[in-house]
Amino acid sequence: MKIALSGYGKMGKIIEKMALDRKHEIVLIIDQDNQHEMTPENLRQADVVIEFSTPHSVLANIQKCFEAGVPVVVGTTGWYEQMEQIKQQCLDNGNAFLWASNFSVGVNIFFHVNKMLAKIMNRYPYYEVQVEEIHHTQKLDAPSGTAITIAEGILDNLENKKGWKNVLTNDGAEEPYTVKPDELLIESLRIENVPGTHTVVYDSEVDSIEFKHTAHNRNGFALGAVLAAEWLQGKQGFYSAQDMFNFNV
Ligand SMILES: NC(=O)c1ccc[n+]([C@@H]2O[C@H](COP(=O)([O-])OP(=O)(O)OC[C@H]3O[C@@H](n4cnc5c(N)ncnc54)[C@H](O)[C@@H]3O)[C@@H](O)[C@H]2O)c1
Ligand SMILES: O=C(O)C1=N[C@H](C(=O)O)CCC1
């Protein structure tokens, strides 16, 4: 496969390595200082674009891929309020699009089990649920995209929670926030060099259940993104990683 990379930061560089290991070719690399090279002509050299840039640049980059008619795999987070608009544009133009808040196999298993656990917990309403995420200090968005997907998995399956509320505690200096009974708290913490840790905690007076995923490095995210690009070949339509992993057990 001929791959174009949109965003050549921490993730773009590891994706390049994973793609080359899987015998793909990198035909275009776009980053902040050569954005003008993201032309339809250049993009059309590629079979797929893998987009890991910034919350600020991702939407314009997706539009350029749509205009060029090139399939696009998006790992960038922090743009999900525009999801419906992107989905509509994708379907209207007959494009191929796949997004994931987290491409790692482990996290996608976690997403699935998280939903099943939330369903079970409906029977035990005396447990209070909370989501916690920890990432490196360069991260631009909070909560993490992964934490949003986890929260949505809980909200879709746990009857007594109606929406999520994020609190970012960089140095513990924030005012403590008291959640409303129907609110799901997502606590975000930023610590140097943490690739990504997510925990769902169900707490009661007598015990706690902690369900946790810890990324040891970024390789799992990068491999998942390349696998997604392979999976998207020859398809048209709007997909998420859930369609690719398809854990219907
Ligand atoms: N879905 C996943 O599995 C997953 C995993 C890790 C990171 N992410 C997300 O991917 C994104 C990138 O993460 P990162 O750790 O590589 O960040 P990073 O800051 O290391 O890299 C981002 C790169 O984008 C470049 N950039 C800026 N403007 C651009 C533009 N207009 N076009 C193209 N590139 C541009 C920056 O110069 C930088 O090199 C973030 O949103 C992060 O949350 C997702
Ligand atoms: O390093 C990041 O930034 C990450 N972003 C994704 C998110 O927001 O969930 C995935 C984990 C790493």
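Which residue in S11 does Ala 96 stand opposite? It is Gly 237, and the pair offers a handy way into this predicted model. Since the model is predicted, local features need pLDDT of at least 70 and side-chain atom pairs count only at pLDDT 80 or more, while totals for chains, interfaces and linings use all residues. Residues are numbered from 1 along each chain as its sequence is written, with chains lettered from A and ligands numbered from 1 in the order in which they are written.

Start with the whole chain. The protein chain has 8 helices and 11 strands; helices (H or I, at least four residues) and strands (E, at least two) are DSSP runs, numbered from the N terminus. The C-alpha trace spans about 60 × 40 × 30 Å along its principal axes. The radius of gyration is 19 Å, which agrees with the value near 18 Å for a compact globule of 249 residues. That radius is taken over C-alpha atoms, and the globule rule is 2.2 Å times the number of residues to the power 0.38. Buried residues make up 39% of the 249 residues. Here a residue is buried if 20 or more other C-beta atoms lie within 10 Å of its own, exposed if 12 or fewer, and partly exposed in between, with C-beta atoms placed from the backbone. Contacts tell a story too: among those between residues at least 6 apart in sequence, 67% join residues at least 24 apart. Two residues are in contact if their C-beta atoms, placed from the backbone, lie within 7 Å.

Back to the strand that opened the story. Strand S5 (residues 96–99) is covered on both faces, with Ala 96 and Leu 98 buried on one side and Phe 97 and Trp 99 buried on the other. S5 runs parallel to strand S11 (residues 237–240), and 4 bridges join them. Strand S4 (residues 72–74) also runs parallel to S5, through 3 bridges. Two strands pair if DSSP finds at least two bridges between them. Trp 99 in S5 is the bridge partner of Val 74. Put helix H4 (residues 83–93) together with S4 and S5 and the result is a right-handed β-α-β unit. A crossover is right-handed if, with the strands pointing away from the viewer, the path from the first strand over the helix to the second runs clockwise.

Next come the domains. The domain assignment gives domain 1 (2–103 + 219–245) and domain 2 (105–214); such bounds come from an automatic or database domain assignment. Their C-alpha centres lie 27 Å apart. The contact takes 11 residues from domain 1 and 11 residues from domain 2. On the side of domain 1 that touches domain 2, helix H7 (219–232) and helix H8 (241–245) are the elements that give two or more residues. An unreviewed UniProt entry places "domain: Dihydrodipicolinate reductase N-terminal" at residues 1–103. UniProt positions follow the numbering used here, feature names are shortened, and annotations may be inferred rather than shown by experiment. Over residues 1–103 the chain is 37% helix and 21% strand.

One residue to look up is Ile 50, found in strand S3 (residues 48–51). Ile 50 counts as buried because it has 30 C-beta neighbours inside 10 Å. Leaving aside neighbours within four places in sequence, its contacts include Ile 3, Leu 5, Val 73 and Ala 225.

The unreviewed UniProt entry also marks an "active site" at His 135 and Lys 139. His 135 is in strand S6 (residues 128–135), and with 23 C-beta neighbours inside 10 Å it counts as buried. Not counting residues up to four places away in sequence, His 135 touches Ser 144, Arg 190, Val 194 and Gly 196. Lys 139 sits in the loop between S6 and helix H6 (145–155) and is partly exposed, with 16 other C-beta atoms within 10 Å. Pro 143 lies in the loop between S6 and H6 as well, and the peptide bond to Pro 143 from Ala 142 is cis, with omega near 0°.

A couple of backbone oddities round things off. Lys 23, in the loop between helix H1 (10–21) and strand S2 (25–30), has a positive phi near 70°. Lys 23 is exposed, with 7 other C-beta atoms within 10 Å. Asn 193 has a positive phi near 65° and belongs to the loop between strand S8 (183–190) and strand S9 (197–203). Asn 193 counts as exposed, with 8 C-beta neighbours inside 10 Å.
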